[in-house]
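Hi,

Here is the structure I promised to pass on. Have a look at it first, and then read on for what turned up.

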Amino acid sequence: VREHFGGSSNMAALPPGPKGWSVEQVKQWAVTEVGIKPEHADKLVQQEIDGEELMHLTEAKLERWGIPGGPAGKLMRAIEGLGGGGSSSVAGGMVLSEGPF
């Protein structure tokens, strides 16, 4: 548990709001906060995914780039937690929040 919190301290170096993150900062977030392997995060670097582009990723794109389903799913859930994700995920969340529940 202590190691996890130690990883979180690295996030202090990231600007608030992922839209301002560089490609390297996205990689840092993916490895330290999401917990994916560096070799999978390197695929984000190869695709030049910065913070703004991160917010528009889809699981299909991640898998097409060679990121396996498990890490791709972790990334998508983490992106949704940041307030982004593919348009279908965001739209689905909006519908649920406005429903009669």
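Let me start with alanine 78, which is partly exposed, with a relative accessible area of 21%. Buried would need under 20%, so alanine 78 does not count as buried at its 21%. Do keep in mind that this is a predicted model. Alanine 78 sits in helix α6, and it touches Trp29 and Val34, leaving aside residues up to four places away in sequence. Alanine 78 also lies 8.7 Å from alanine 30, C-alpha to C-alpha, with the two positions 48 residues apart in sequence numbering.

Now for the helix around it. α6 has 14 residues and spans 20 Å from its first C-alpha to its last, close to the 20 Å expected at 1.5 Å a residue. Its buried residues are Pro71, Ala72, Gly73, Leu75, Met76 and Ile79. The cover over them includes α2, α3, α4 and α5. Just past the end of α6, glycine 83 has a positive phi of about 100 degrees.

On to α2, which runs over residues 23-34. This helix has 12 residues and reaches 15 Å from first C-alpha to last, close to the 16 Å expected. Gln25, Val26, Trp29, Ala30 and Val34 are its buried residues. Looking down the axis of α2, these fall within an arc of 140 degrees, so they line one face of the helix. That fits a general point: an α-helix has 3.6 residues a turn, so residues three or four places apart point the same way. What covers the buried residues of α2 includes α3, α4 and α6. Right after α2 comes glycine 35, with a positive phi of about 90 degrees.

If you like aromatics, the structure holds 1 aromatic pair. Tryptophan 21 and tryptophan 29 make it, in a tilted arrangement: 5.8 Å centre to centre, with 45 degrees between the planes. Tryptophan 21 is buried, at a relative accessible area of 4%, and tryptophan 29 is buried with a value of 4%.

Next, α3, residues 38-46, where His40, Ala41 and Leu44 are buried. Viewed down the axis of α3, they fall within an arc of 100 degrees, so they line one face of the helix. These buried residues pack against α2, α5 and α6. Histidine 40 may catch your eye: it counts as buried at 10% relative accessibility. Leaving out residues up to four places away in sequence, histidine 40 touches Ile67, Pro68 and Pro71. After α3 comes glutamate 48, whose phi is positive, near 60 degrees.

Finally, the core. Which residues touch the most other members of the largest nonpolar core? Of its 19 residues, they are Trp29, Leu44, Leu54, Leu57, Leu62 and Leu75. α2, α3 and α6 each supply at least two residues of this core. For a closer look, try leucine 44: it touches Val26, Ala30, Ile49, Leu57, Leu62, Trp65, Ile67 and Leu75, again not counting residues up to four places away in sequence. As a general rule, in soluble globular proteins nonpolar side chains tend to be buried together.

Cheers

Notes. Residues numbered from 1 in each chain as written. Predicted model: local features only at pLDDT ≥ 70, side-chain atom pairs only at ≥ 80, totals over all residues. Heavy atoms only, no water. Buried < 20%, exposed > 50% of the residue type's maximum accessible area, 1.4 Å probe, protein only. Helix = DSSP H or I, 4+ residues; strand = E, 2+ residues; numbered from the N terminus. Arc of directions from axis to C-beta. Contact = heavy atoms within 4.5 Å. Core = buried A, V, L, I, M, F, W, Y, C linked by side-chain atoms within 4.5 Å. Expected span 1.5 Å × (residues − 1). Phe/Tyr/Trp six-rings, centres within 6.5 Å; stacked < 30°, edge-to-face > 60°.
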